[in-house]
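Visitor: I would like to go through this model with you, one topic at a time. Could we start with the terms we shall need?

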Amino acid sequence: MRLDADSAADVVELDDDSLSLHLHYGSATIRVRNPEVLRGFELSTPQATIHLQETGRMRIDAGRHQDTTVVNVFDGAASVDGGGS
């Protein structure tokens with residue numbers, strides 16, 4: 001996970017079976033190479049929850065515009081649960 005300089009994120013849960021992150025605002029680039037990590041990986045923002053469906057790379061922008069989360073998947077696939085489109 002890489003964050004830009006104007007970002008705030010927390011590790012919500014970290015153990016052998018899960019990794020749960022929360023991006024309060026800003027931009028994060030996530031890369032997951034190990035398929036075993038996918039089952040327990042979750043990234044949430046104030047507007048959405050993102051799960052990777054396949055190994056790959058994505059960028060999440062949260063709060064750049066009021067009440068929005070933008071998810072760009074560069075490699076792999078992801079599901080986004082939240083209001084809006």
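Guide: One cut-off is useful at the outset: a residue is called buried under 20% relative accessible area, exposed over 50%, and partly exposed in between. Please keep in mind that the model is predicted.

Visitor: Where does Asp 75 fall on that scale, buried, exposed or partly exposed?

Guide: Asp 75 has 42% relative accessibility, so it counts as partly exposed.

Visitor: And which residue does Asp 75 form a salt bridge with?

Guide: Its partner is Arg 57, and the closest N and O atoms of the two are 3.9 Å apart. The pair links distant parts of the chain, with Arg 57 in strand E6 (residues 56-62) and Asp 75 in strand E7 (residues 69-75), 18 residues apart. Arg 57 is partly exposed, at a relative accessible area of 34%.

Visitor: Why can such side chains pair at all?

Guide: Side chains of opposite charge can pair when their charged atoms come close.

Visitor: How many salt bridges are there in the structure?

Guide: The structure holds 2. Besides the pair just described, Arg 59 and Asp 61 meet through their side chains, at 3.1 Å from N to O. Here Arg 59 is partly exposed at 34% relative accessibility, whereas Asp 61 is buried, with a relative accessible area of 12%.

Visitor: Which other side chain does Asp 61 meet in a polar contact?

Guide: The side chain of Ser 27 joins that of Asp 61 in a polar contact of 2.3 Å. Ser 27 lies in strand E3 and is buried, with a relative accessible area of 4%. Not counting residues up to four places away in sequence, Ser 27 touches Arg 59 and Asp 61, and also Ile 60, Arg 64, Arg 2, Leu 3, Asp 4 and Ser 7.

Visitor: Let us change topic. What is the overall layout, in helices and strands?

Guide: The protein has 1 helix and 8 strands. Along the sequence they follow the pattern β-β-β-α-β-β-β-β-β. The helix H1 covers residues 35-38 and includes Pro 35, which is exposed, with a relative accessible area of 55%.

Visitor: What are the dimensions of the protein along its principal axes?

Guide: The C-alpha trace spans about 35 × 25 × 20 Å. The radius of gyration is 12 Å, which agrees with the value near 12 Å for a compact globule of 85 residues. Of those 85 residues, 31% count as buried.

Visitor: Which residues have the most contacts inside the largest nonpolar core?

Guide: They are Leu 23, Ile 30, Phe 41, Leu 43, Leu 52, Met 58 and Ile 60, within a core of 13 residues. Strands E3 (19-32), E4, E5 and E6 each supply at least two residues of this core, and E3 gives the largest share, 5 residues. In soluble globular proteins, nonpolar side chains tend to be buried together.

Visitor: What does Ile 30 touch?

Guide: Leaving out residues up to four places away in sequence, Ile 30 touches Phe 41, Leu 43, Met 58 and Ile 60, together with Met 1, Leu 21, Gly 56 and Arg 57.

Visitor: Now for E5. Which residues are on its covered face, and which on its uncovered one?

Guide: Strand E5 (residues 48-52) has Ala 48, Ile 50 and Leu 52 on the covered face, with Thr 49 and His 51 on the uncovered one.

Visitor: Which strands pair with E5?

Guide: Strand E4 (residues 41-44) pairs with E5 in the antiparallel sense over 2 bridges, and Leu 43 stands opposite Ile 50. Strand E8 (residues 78-82) also runs antiparallel to E5, joined to it by 5 bridges; there His 51 stands opposite Ser 79.

Visitor: And what joins E4 to E5?

Guide: A hairpin joins them through 3 residues. Thr 45 has its place in the loop between E4 and E5.

Visitor: Is Thr 45 buried or exposed?

Guide: Thr 45 has a relative accessible area of 6%, so it is buried. Its side chain makes a polar contact of 2.7 Å with that of Thr 69. Apart from neighbours within four places in sequence, Thr 45 is in contact with residues including His 22, Leu 23, Ile 50 and Ile 60.

Methods. Residues are numbered from 1 along each chain as its sequence is written. This is a predicted model: local features need pLDDT of at least 70, side-chain atom pairs count only at pLDDT 80 or more; totals for chains, interfaces and linings use all residues. Side-chain values use heavy atoms; hydrogens and water are left out. Buried means under 20% relative accessible area, exposed over 50%, partly exposed in between (1.4 Å probe, protein chains only). Helices (H or I, at least four residues) and strands (E, at least two) are DSSP runs, numbered from the N terminus. Two strands pair if DSSP finds at least two bridges between them. A salt bridge is a side-chain nitrogen of Lys or Arg within 4 Å of a carboxyl oxygen of Asp or Glu. A nonpolar core is a set of buried Ala, Val, Leu, Ile, Met, Phe, Trp, Tyr and Cys residues joined through side-chain atoms within 4.5 Å. Contact means heavy atoms within 4.5 Å. A polar contact is a pair of N or O atoms within 3.5 Å; within protein, one must be able to donate a hydrogen and the other to accept it, and residues adjacent in sequence count only if both atoms are side-chain atoms. The radius of gyration is taken over C-alpha atoms; the globule rule is 2.2 Å times the number of residues to the power 0.38.
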